[in-house]
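Open the model in a viewer with selection by residue number. The stops below can be taken in order, each with something to select and a note on what is there.

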Amino acid sequence: MKTLILEEAYRTITVRDGDRNVTVPMAQAILRSIAVNAAKGQHRAQRLFSELLAETETANKALADKLLEAAIDYKHR
């Protein structure tokens, strides 16, 4: 099941982007749709997009903190 989910997530599809067609992975197309609906004022999309963004920023901060800690530890040694 995990393999199927990953295959679908990274399967490319063609979507409209303004007046042109672009090919993007399914996961990106879905995220783009959520973002567009959030910008249009759909509350569920706004909440979901905000949660995804917060989780991503939190994970990025944790990774940056871990890398900084490793660099400081290396410098001390």
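Select D17 first: with a relative accessible area of 30%, D17 is partly exposed. Keep in mind that this is a predicted model. Now add R32, which is also partly exposed, again with a relative accessible area of 30%. The two side chains meet in a salt bridge, 3.9 Å from N to O. The cut-off for a salt bridge is 4 Å, so a distance of 3.9 Å still counts. This pair links distant parts of the chain, with D17 in strand 1 (residues 12–17) and R32 in helix 2 (residues 26–39), 15 residues apart.

Leave both selected and add R20. Which residues do salt bridges with shared partners join into one network? The network consists of D17, R20 and R32.

Next, show the cartoon for strand 1 and strand 2. Strand 2 covers residues 20–25, and six bridges join it to strand 1. Do the two strands run parallel or antiparallel? They run antiparallel. To check the register, select R16 and look across to strand 2, where its bridge partner is N21. Then move to the turn of this hairpin, where two residues lie between the strands. Select G18 there and read its backbone torsions: phi is positive, near 70 degrees.

Go on to helix 3, residues 43–76, and select K61 and D65. Both lie in this helix, four residues apart, which is about one turn. Their side chains form a salt bridge of 2.9 Å, N to O. D65 counts as partly exposed, at 37% relative accessibility.

Further along the chain, select D73 and R77. These side chains meet in a salt bridge as well, at 3.1 Å from N to O. Is R77 buried or exposed? R77 is exposed, with a relative accessible area of 80%; the cut-off for exposed is over 50%, so R77 falls in that class. D73, at 36% relative accessibility, counts as partly exposed. The structure holds five salt bridges, including the pairs D17 with R32, K61 with D65 and D73 with R77.

Now return to the start of the chain and select M1, L4 and I5. These residues form a nonpolar patch on the surface, with about 370 Å² of accessible area together. L4 sits in helix 1, residues 2–10, and is exposed, with a relative accessible area of 52%.

Finally, clear the selection and display the whole chain. How many helices and strands are there? The secondary structure comes to three helices and two strands. Read from the N terminus, the order of elements is α-β-β-α-α. Along the principal axes, the C-alpha atoms fill a box of roughly 55 × 30 × 30 Å. The radius of gyration is 18 Å, whereas a compact globule of 77 residues would have one near 11 Å.

Colour by accessibility for the last view: 12% of the 77 residues count as buried. The accessible surface comes to about 6800 Å², and carbon and sulfur atoms account for 59% of that. A contact map completes the picture: among contacts between residues at least 6 apart in sequence, 0% join residues at least 24 apart.

Note on methods: Residues numbered from 1 in each chain as written. Heavy atoms only, no water. Buried < 20%, exposed > 50% of the residue type's maximum accessible area, 1.4 Å probe, protein only. Patch = residues over 30% accessible without salt bridge, like charges linked within 9 Å, V, L, I, M, F, W, Y side chains within 5 Å. Areas by Shrake-Rupley, 256 points an atom, 1.4 Å probe, with all protein chains shown as cover. Rg over C-alpha atoms; globule rule 2.2 N^0.38 Å. Contact = heavy atoms within 4.5 Å. Pairing = 2+ DSSP bridges.
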